Amino acid sequence: MIGKLFDAPRRLPAGPAALLVLAAVIMLTAMADSTMQPLPATAPADRFSAERALVHLKEFAAEPRPIGSPAGRRARDYLAGQLRAAGLEVEVQRSVGARSAAGLATFGQVDNIVGRLRGTDSTGTVLIAAHYDSAAMGPGASDDGAAVAAMLETVRALRGGPGLRNDIVLLMSDGEEDGVLGAEAFVREHPLGKGGGVLLNWEARGVSGPSLMFETSANNARLVETFAGAVPAPRGHSAMVEVYRLLPNNTDFTPLTKAGFTGMNFAYIQRSSLYHTAGDSIAHLNRGSLQHHGSNMLAMARALGGADLRTLDSDHDVTYFRALGTMITYPGQLVLPLAVLALVAVAGLAVLARVRRLLSLPRLVVATVSAVVPLVASAALAQGLWELLVAWRPAYDLMGGLLHRPGPYQAAIAVLCALTVLGWYVPLRRRLGPAALTVGALIWFAGLGLLCAQVAPGASFLFALPALLGALGCTAAVLPRTPAWARAAVAMLGPIMAAMLLPSLAGDVFDGMGLALGGVSALVLTLFGLIAVPVAEPFLPDLATRPKRAAGLAVPLTALVLTAALVAAGLVVDDFDAEQPRRTHLAYVMDAGTRTAHWVSADADPAPWTRRYVSGHDTSALPPGYARGTLWTGPAPSINAEGPRADVLARTSDTLKLHVTAGKGARSVTLRLDRPISHATASAGRFGSVSVPVTGTRAGTWPSEIRFRGIPAQGVRITVRVPDKDRIRLTVIAETDGLAAVPGFAPRPADLVAATREDGDLVAVTRSYTLGAATSAAISRPNR
């Protein structure tokens with residue numbers, strides 16, 4: 001019982017035609033998922049114009065503006081002034097934000113900008129949120145300056161039209177890059193943060209690409225319906241929502257929705273190699289991405305601003321995705337029935353094929369189980385390729401897989417996926433039969449659709465719909481009354497649906513996760529290959545013909561040669577230069593007590609410029625508790641810096657109270673303790689006090705760490721709960737942005753940028769203490 005589900009009447013044209021159809025579907029899907037054309041400043045006043053938004057962006061996003069920096073304060077003043085000039089009620093909320101992680105408590109003095117445009121007959125609040133701070137390593141033109149500039153252009157367009165029914169509140173938050181500190185303070189302290197409403201949050205993880213609606217709050221049915229009907233170019237799908245809900249990542253969307261807001265999260269994610277670097281600049285910002293962000297923002301503000309927000313409640317999520325430019329949605333109640341229907345359809349196909357003696361049950365079982373081989377092999381090969389690339393070019397490791405021009409490497413992974421699928425299909429088709437292998441692949445899709453229906457309903461469509469259409473199409477092809485000319489066409493229904501969904505998903509995964517997790521994209525591509533591989537059948541010899549050994553080796557050898565050529569091309573086109581800079585980490589560390597200073601780098605293989613400063617791995621002379629992970633070090637000249645201070649205010653059996661100052665010019669301070677802590681409180685006088693629980697310990701350094709970003713000149717009070725110990729060692733690190741103040745420092749060449757590690761490009765002046773058990777400030781003894 002070895003047979004084909006059907007024979008194409010004309011094999012020679014049928015095979016190329018099927019391949020062309022799949023290629024055309026993939027290309028049309030990519031074209032339909034593109035971004036928008038930017039509109040000029042002369043665009044109608046009621047439209048969003050990227051060029052008008054750029055005028056604002058150039059005013060505040062030309063330099064890094066981390067929390068507590070002078071550039072951050074200048075941006076705050078400009079943005080608040082623009083909102084006031086537009087006629088909004090504006091408040092700058094000054095507070096202390098907080099966040100905890102394993103062994104870490106992060107605090108920061110935040111200046112949130114809150115603007116309010118009151119509605120004519122409000123049924124609730126529409127909160128439009130983005131953060132105006134940037135990472136310290138770059139100007140953050142995309143992350144998140146573009147969204148903030150879009151907010152100003154959106155306000156201009158709204159003010160020029162009829163008044164909206166509902167209140168529009170704009171939150172330009174501070175301190176997002178250091179742990180969503182501004183959004184946390186907003187929902188904890190501000191009345192508008194406590195009141196709830198509908199949230200539209202805007203982000204970026206790259207400098208290009210369409211604006212994707214990638215996350216929603218639970219029970220999103222009415223929100224997605226509004227989104228699909230209101231925006232001119234909806235992008236994104238419900239599988240993104242499911243994936244992001246499972247990841248540890250967060251944005252301002254996380255604390256805002258936890259506080260009761262319902263809403264949607266938007267971002268563009270292409271060219272992510274420039275994310276959090278100096279390359280996230282206005283020069284590199286794709287104007288179409290800004291236009292897409294802003295057009296969607298304006299459309300959603302108008303739609304929600306005029307709606308009765310009380311009717312947006314729902315009790316379920318919806319599945320949504322785009323097929324050749326059309327947004328398709330269906331309610332969550334249909335997810336499980338469709339998955340079950342797909343499984344029934346595949347089972348029916350298997351029975352029909354068995355009745356027609358095209359397969360046997362044992363062969364079908366073996367075919368289904370054996371499909372795990374190409375899935376595992378492709379993921380392993382993709383991850384192995386990344387390890388080889390890092391071994392060949394260690395600087396890739398600092399980029400986390402987010403490369404400048406990864407196209408050839410991605411193509412190499414696609415070739416490897418095709419090789420694993422063909423390497424599974426071709427040898428087994430003679431032993432198990434094409435019918436068994438085709439049905440076995442559909443069983444995988446139906447099973448994954450059913451599994452997702454239980455654990456991630458929004459992603460079930462990726463597998464259930466191709467399985468359902470594939471089973472129905474193949475069933476029609478097997479039926480004797482189906483015309484011979486139509487059999488190949490109907491059998492393509494499953495592969496065509498998969499071509500609309502899976503290659504674009506693999507591209508999104510490549511953009512968001514990079515080659516360091518290329519195995520995930522490889523799994524997606526291999527699944528597509530499993531359902532599409534019958535397209536290769538017209539190119540293969542008849543089952544009765546014994547293939548020649550040379551012909552059997554031709555495919556794998558060709559694939560391996562092509563892979564090698566693509567990797568070689570990638571090493572050429574993705575080499576480092578001024579347009580595609582390499583990342584490097586460098587910091588300056590000085591012990592304020594001994595005045596001993598060192599350069600420090602966490603690079604695995606430092607660039608020649610970095611090697612001017614570091615020469616070995618000896619970390620013994622670094623301040624206690626400073627080192628984290630494997631470091632390169634080198635001697636450095638001392639600088640005239642006051643350094644931090646930590647005065648003990650009180651010490652009880654389990655509580656330590658400190659007054660901490662960072663010294664003149666320092667923006668932030670970090671405390672590291674050689675004991676675990678369970679709770680931390682920071683008080684910044686009139687700016688407020690906040691406490692967080694702390695669990696777990698830090699990895700690769702002392703077990704506990706406390707950070708305060710944007711520390712006031714007068715310092716802060718830090719209270720920690722620490723186990724009752726006779727002796728506690730404490731190192732306080734005052735951090736100042738930039739290395740130009742260090743004698744002998746030469747700026748990086750154009751082909752290097754600062755790495756994204758948070759302690760890079762900092763002057764770190766430390767002071768270490770040994771704290772005894774007495775309950776007096778006098779027990780604080782700086783180490784010399």
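## The largest cavity

In this predicted model, the largest cavity is lined by Y626, T670, R672, E705, R707, R709, I733, E735, E758, D759, L762 and A764. The space inside comes to about 100 Å³. Sorted by class, the lining residues are four nonpolar, one polar and seven charged.

Where does the lining of the largest cavity come from in terms of strands? At least two residues each are supplied by strand 16 (668-673), strand 19 (704-709), strand 21 (728-737) and strand 23 (762-771). Strand 19 provides the largest share, with three residues.

## Charged pairs around that cavity

Two of the lining residues, E735 and R709, also meet through their side chains in a salt bridge, at 2.7 Å from N to O. E735 belongs to strand 21 and R709 to strand 19, so this pair ties together parts that are 26 residues apart in sequence. Are these two partners buried or exposed? Both E735 and R709 are buried.

There is also a network to trace here: R628, R672, R698, E705, R707 and E758 are joined into one by salt bridges that share partners. Several of these names will be familiar from the cavity, since the lining includes R672, E705, R707 and E758.

## The second cavity

How many cavities of 30 Å³ or more does the structure hold? There are two, and the second largest has a volume of about 40 Å³. Its lining is made up of N220, S238, V241, E242, R245, D317, V318, Y320 and G458. Two elements give two or more residues to this lining, namely helix 8 (238-246) and strand 8 (318-323).

Helix 8 gives the most to the second largest cavity, with four residues. By class, the lining of the second largest cavity divides into three nonpolar, three polar and three charged residues.

## Salt bridges elsewhere

As general background, side chains of opposite charge can pair when their charged atoms come close. Across the whole structure, a search finds 28 salt bridges. One of them links E153 with R52, whose closest N and O atoms are 2.9 Å apart. Because E153 sits in helix 4 (residues 141-159) and R52 in helix 2 (residues 50-60), the pair ties together parts that are 101 residues apart in sequence. E153 counts as buried, since its relative accessibility is 2%. R52 has a relative accessibility of 14% and counts as buried too.

Another salt bridge brings together the side chains of R310 and D308, at 2.9 Å from N to O. Here R310 is exposed, with a relative accessible area of 56%, while D308 counts as partly exposed at 21% relative accessibility.

## Strand 17 and its two partners

Strand 17 (residues 679-683) runs antiparallel to strand 18 (residues 689-693), and five bridges join them. To find your place in this pairing, look for A682, which stands opposite V690 in strand 18. The two strands form a hairpin with five residues between them. In the turn, G685 has a positive phi of about 65 degrees.

Which strand besides strand 18 pairs with strand 17? Strand 20 (residues 716-721) does, in the antiparallel sense and over five bridges. A handy landmark in this second pairing is T681, which stands opposite T719 in strand 20.

Key: Residues numbered from 1 in each chain as written. Predicted model: local features only at pLDDT ≥ 70, side-chain atom pairs only at ≥ 80, totals over all residues. Heavy atoms only, no water. 1 Å grid on protein atoms, 1.4 Å probe; cavity = no way out; pocket = protein on both sides within 12 Å on 5 of 7 lines; lining within 4 Å. Points joined across faces, edges and corners; volume = space filled by probe spheres on them. Nonpolar A, V, L, I, M, F, W, Y, C, P; charged D, E, K, R; others polar. Salt bridge = Lys/Arg side-chain N within 4 Å of Asp/Glu carboxyl O. Buried < 20%, exposed > 50% of the residue type's maximum accessible area, 1.4 Å probe, protein only. Pairing = 2+ DSSP bridges.
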